[in-house]
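Grab a pencil and work through these exercises with the model open beside you. Each one sets a task and then walks through a solution.

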Amino acid sequence: MTQSVVVQVGQCGNQVGCRFWDLALREHAAVNKKGIYDEALSSFFRNVDTRGGDDSPDIYKGKIRSLKARALLIDMEEGVVNEILQGPLRDVFDSKQLITDVSGSGNNWAVGHKLYGYQYRENIVEKLRKTAEHCDCLQCFFIIHSMGGGTGSGLGTFVLNLLEDEFPEVYRFVTSVFPSGEDDVITSPYNSVLAMKELNEHADCVLPIENESLFDIVNKIHQMINSVKLGSTVKHTSVLTSNTGSAKPVQEKPFDAMNNIVANLLLNLTSSARFEGSLNMDLNEISMNLVPFPRLHYLVSSLTPLYTLADVNVPSRRLDQMFSDAFSRDHQLIQADPKHSLYLACALLVRGNVQLSDLRRNIERLKPSLHFVSWNQEGWKTGLCSVPPVGHSHSLLALANNTCVKPTFIELKDRFLKLYKKKAHIHHYLHIDGMEQSCFSEAISSLSDLIEEYNELDATKGGPRTDPSRLKIAV
Amino acid sequence: MSVVTVQLGQCGNQIGQEVFNAICSDIHGTHGLCSKKENESYGDACKERFFREEESEVPIARAVLVDMEPKVISQMLSVAAKSGCWKYDDQSHFCQKQGSGNNWANGYSVHGPRHKEAIMNLIQKEAEKCDRLGGFFTIMSMAGGTGSGLGAFVSQCLRDAFPSSFILNHVIWPYGTGEVIVQNYNSVLTLSHLYQSSDALLVHENDVIHKICAQRMNIKQISFRDVNQVIAHQLGSVFQPTYTTEGGLHYSRNPLGDLMDTLVPHPEFKMLGLRNIPQMPENSLAYSTFSWPGLIKHLRQMLIANAKMEEGIQQQVQPLSLGPSIPSGRSRNKPLHFNTSIANLVVLRGKDMHSADLGGFQDPSLYTSWLNPQDAFNAWKTPRAFNKYEKSASLVSNSQFLLKPLDSVVGKAWNMFASKAYIHQYTKFGIEEEDFLDSFTALEQVISSYTIL
């Protein structure tokens, strides 16, 4: 069994990360009735007897003593991390797993990446090594951050670079929250584009998230819960956005609902690596199957169902609805419509009480309405995990490598150029050591190239299919 | 003689466990509708072939379990032990912590060499525990990374370490519409490599077995367990003890050797397909009766028309008695596809099998002209019924059965290869474009050979 380490950077990264750890504990508590430290738990948690002090050795078997998250919390201001450490999750984090500073990055990618990066490099490397040493077989780093600010964006991508240098064999999965059009941080386009270049070059897989989509989903759930028919009730632990039933009772904070969605995304993504099933789908398989070309590693994700009704019987029509929903525009975690764009690859990870035949029936049913690239007409990767998420009898995570990410990138480029044409606010960046005008031009060029790659693929959509001629054998 | 089974990857291990289950429940759960003496003889032959006995314990399967991650193997070990009927040797497995990521190159070029010694040691130990080694039976899927890549590597090692032993690779053909996106690459690489080290490849296609589950077994919600149980039943129907010679007094002791002898006269032709009838839900068995003439007629027509199961067999397809057979495979315009065989083996289990007339299978027009029809066709029989089926008939065929699936997989892989998609994932671990080209060439050769039969 392998382990993963979560690196949460900046305010957004840490807030989402906090929700992730809370829901992870909830999930494992629901499955692990006997309180024995098992391999599934070890993928994200260490087991330590804290009476021995901070340096006590890990306990690999037997009863759970004290679970410690395999995490590194990084923020250049103290507020968020301090709140976490004073909150109900304080025991889950090791005091040595934190790197904080006081003044923040001022929404400036250069401050995060060049200034703090340089300053904290050794400290970060040392702490990463320590976390890695506690892992028997480290498979993946999960970075959680936002793109629009300074710390998450700048320092977060600095850490990404670092991980590639120091741990080249370990996968790097990045969950990036992209800014929306009405973002109140003026320089967010600069920060995002500068960060994108790093994601292009150093990440194995990126799961882009847009706040607008999370917000829409939260609203949708509220509406549904309020309008639910008499006689059926919604199971609150199942609601994708809720804190209910989590291991430590937490007071709901404003972004909690949205962050819970992202936390659930990560739990579902790793479920098949942690729990057993008839067709396992490990993290290295996700990277292998969904990334046909190194730079095209942006995966659009969707989670269904958003909640379950307490009626237990699930007729197969409702099950099929779950599959249909996964492909609908309003279940995607970015503002995109994969159904009307071109699929390069698609992965379906089913959890819980779903049989192979249900999965196959739905693939056959949905296939005709989706457009797949000519060289990957049957490009489906499937996984069946027996353990459902808390409160559900079954669930589905869909990951799509689809050209529908292109509009998001194009918009980002446009917003960047609007500012850059006037060189607005550039001086804040340029006066940081190591930052030059060329950083900007290289970054926008990297983004343009990426958009062009997607354009070329889109151009093949719907065109005549001529299969390349096969090798001829002399008879 | 005993057969050592090597279970590779998730699929190989899950199927292997069902195979031993099926064999065990056959000898313990039923008495075969024959004489006590016959039944005992059968049971002994089966045990010698697949199990070893240690004092006061349940029989131990002669198997080595290999996987690059631990979840599946630990499940298989515990499920077997719980059966109370048989178990795996607790030491006979090899595991790592991180799987192969569906990457053939990872399985073949990284995990293979790294773990060669440990894995071969386990196999050697198991082989030494056989009084006489009858060969190796490996189970793997082609779609993933471990079964396919590591499996191909291990087969090669087996060939090097045991140059005169028989190696039969049981290969699972994935569903046409994905389980794994790179399954066609993995399949092409696996098949081309196995062709060099293996004696024969016995193939089961997931799509076919799935249809059998849906249409013959009437299973509403089909799981991999259902699919694997059908596969296990079909394998058991071939490899459980039989008399291979007419009027033989003892159960034959060399199933793999006999299989190779009868079915693989030429190293260019190693692809074997398997058909088994009847197949029906267990609760219908009590109400059904079968006749040998009926079963044999169906089986023969299934062979000729390349049908996958007992329904929808095209009755119009018939062999020509004069002239060359209708060309098949590439000729998409010809609706009547006639399946030409190199060699066939029919296995009959159940009483009165002596009376079964297999003359239809010796019709020269079924075969290519190289062998005498008497040599091209063989039958193995036993009066002992198999696994609750009063009569059952199986066909193992070296024919054009697998031509279409093979052509399809190579076509799709080539299509993907032309765009260079995913290639960087393989070159990362040492499999270059030339290696792909070599594999494509090798398989186009096999396709061509089977097409012009």
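**Exercise 1: Cis peptide bonds**

Where in chain A is the place of Pro305(A)? Keep in mind that you are looking at a predicted model. Then describe the peptide bond leading into Pro305(A), and do the same for Pro278(B).

*Solution.*
- Step 1: Look between strand E9 (300-304) and helix H10 (316-326) of chain A; the loop there holds Pro305(A).
- Step 2: Check the bond from Thr304(A) to Pro305(A): it is cis, and omega is near -10°.
- Step 3: Move to chain B, where Pro278(B) lies in the loop between strand E9 (271-277) and helix H10 (282-285).
- Step 4: The bond from Ile277(B) to Pro278(B) is cis, with omega near -5°.

**Exercise 2: A sheet in chain A**

In what order do the six strands of the open sheet in chain A run, and is the pairing parallel or antiparallel? Work out which strands stand at the edges.

*Solution.*
- Step 1: Recall that strands of a sheet pair through backbone hydrogen bonds, in a parallel or an antiparallel way.
- Step 2: Trace the order in chain A: E5-E4-E1-E6-E7-E8, with parallel pairing.
- Step 3: Strand E5 (98-100) and strand E8 (205-210) of chain A each have a single partner strand, so one side of each has no neighbour in the sheet and these two stand at the edges.
- Step 4: Going from one strand to the next, the twist averages 15°.
- Step 5: Zoom in on strand E7 (residues 171-178) of chain A, which pairs with E8(A) in the parallel sense over six bridges. Here you'll find Val174(A) opposite Val206(A) in E8(A).
- Step 6: Now add helix H1 (residues 10-31) of chain A, which packs on the sheet and touches strand E1 (3-9), strand E4 (71-75), strand E6 (138-146) and E7. The direction of H1 makes about 140° with that of E1(A).

**Exercise 3: Aromatic rings**

How many aromatic pairs does the structure hold over all chains? Pick out a tilted pair and an edge-to-face pair, and say how each is arranged.

*Solution.*
- Step 1: The total over all chains is 44 aromatic pairs.
- Step 2: For a tilted pair, take Phe372(A) and Trp380(A): the centres are 5.4 Å apart and the planes make 45°. Both Phe372(A) and Trp380(A) are buried.
- Step 3: For an edge-to-face pair, take Tyr185(B) and Tyr426(B), at 5.6 Å centre to centre and 85° between the planes.
- Step 4: Find those two along chain B: Tyr185(B) is in helix H6 (residues 183-197) and Tyr426(B) is in helix H14 (residues 423-427). The pair links distant parts of the chain, 241 residues apart.
- Step 5: Tyr185(B) counts as buried because its relative accessibility is 1%, and Tyr426(B) is buried at 0%.
- Step 6: Look for a cluster in chain A, where ring pairs link Phe20(A), Trp21(A), Phe44(A), Phe45(A), Phe93(A), Phe142(A) and Phe173(A).

**Exercise 4: Charges over rings**

Which ring does the charged end of Lys423(A) sit over, and which one does that of Lys420(B) sit over?

*Solution.*
- Step 1: In chain A, Lys423(A) has its charged end over the ring of Tyr420(A), 4.2 Å from the ring centre.
- Step 2: In chain B, the charged end of Lys420(B) is over the ring of Phe417(B), 4.4 Å from the centre.

**Exercise 5: A cysteine on its own**

How far from Cys404(A) is the nearest cysteine sulfur? Is Cys404(A) buried or exposed?

*Solution.*
- Step 1: Count disulfides over all chains and you get zero.
- Step 2: The nearest sulfur to Cys404(A) belongs to Cys346(A), 11 Å away. A disulfide needs sulfur atoms within 2.5 Å, and Cys404(A) is in none.
- Step 3: Cys404(A) has a relative accessible area of 2%, so it is buried.

**Exercise 6: Pro468(A) and chain B**

Which residues is Pro468(A) in contact with, leaving aside its neighbours within four places in sequence?

*Solution.*
- Step 1: Find Pro468(A) in the segment after helix H14 (437-459) of chain A.
- Step 2: Sequence neighbours within four places aside, the contacts of Pro468(A) are Trp414(B), Asn415(B) and Ala418(B).
- Step 3: With 29% relative accessible area, Pro468(A) is partly exposed.

**Exercise 7: Positive phi**

What is phi of His425(A) near, and what is that of Lys388(B) near?

*Solution.*
- Step 1: His425(A), in the loop between helix H12 (406-421) and helix H13 (426-430) of chain A, has phi near 65°, a positive value in a residue other than glycine.
- Step 2: Lys388(B), in the loop between strand E11 (377-382) and strand E12 (392-399) of chain B, has a positive phi near 75°.

How values were computed. Residues numbered from 1 in each chain as written. Chains lettered and ligands numbered in written order. Predicted model: local features only at pLDDT ≥ 70, side-chain atom pairs only at ≥ 80, totals over all residues. Heavy atoms only, no water. Phe/Tyr/Trp six-rings, centres within 6.5 Å; stacked < 30°, edge-to-face > 60°. Buried < 20%, exposed > 50% of the residue type's maximum accessible area, 1.4 Å probe, protein only. Helix = DSSP H or I, 4+ residues; strand = E, 2+ residues; numbered from the N terminus. Lys NZ or Arg CZ within 6 Å of the ring centre and 35° of its normal. Pairing = 2+ DSSP bridges. Axes fitted to C-alpha atoms, helices over the stretch in contact; angles between N-to-C directions. Contact = heavy atoms within 4.5 Å.
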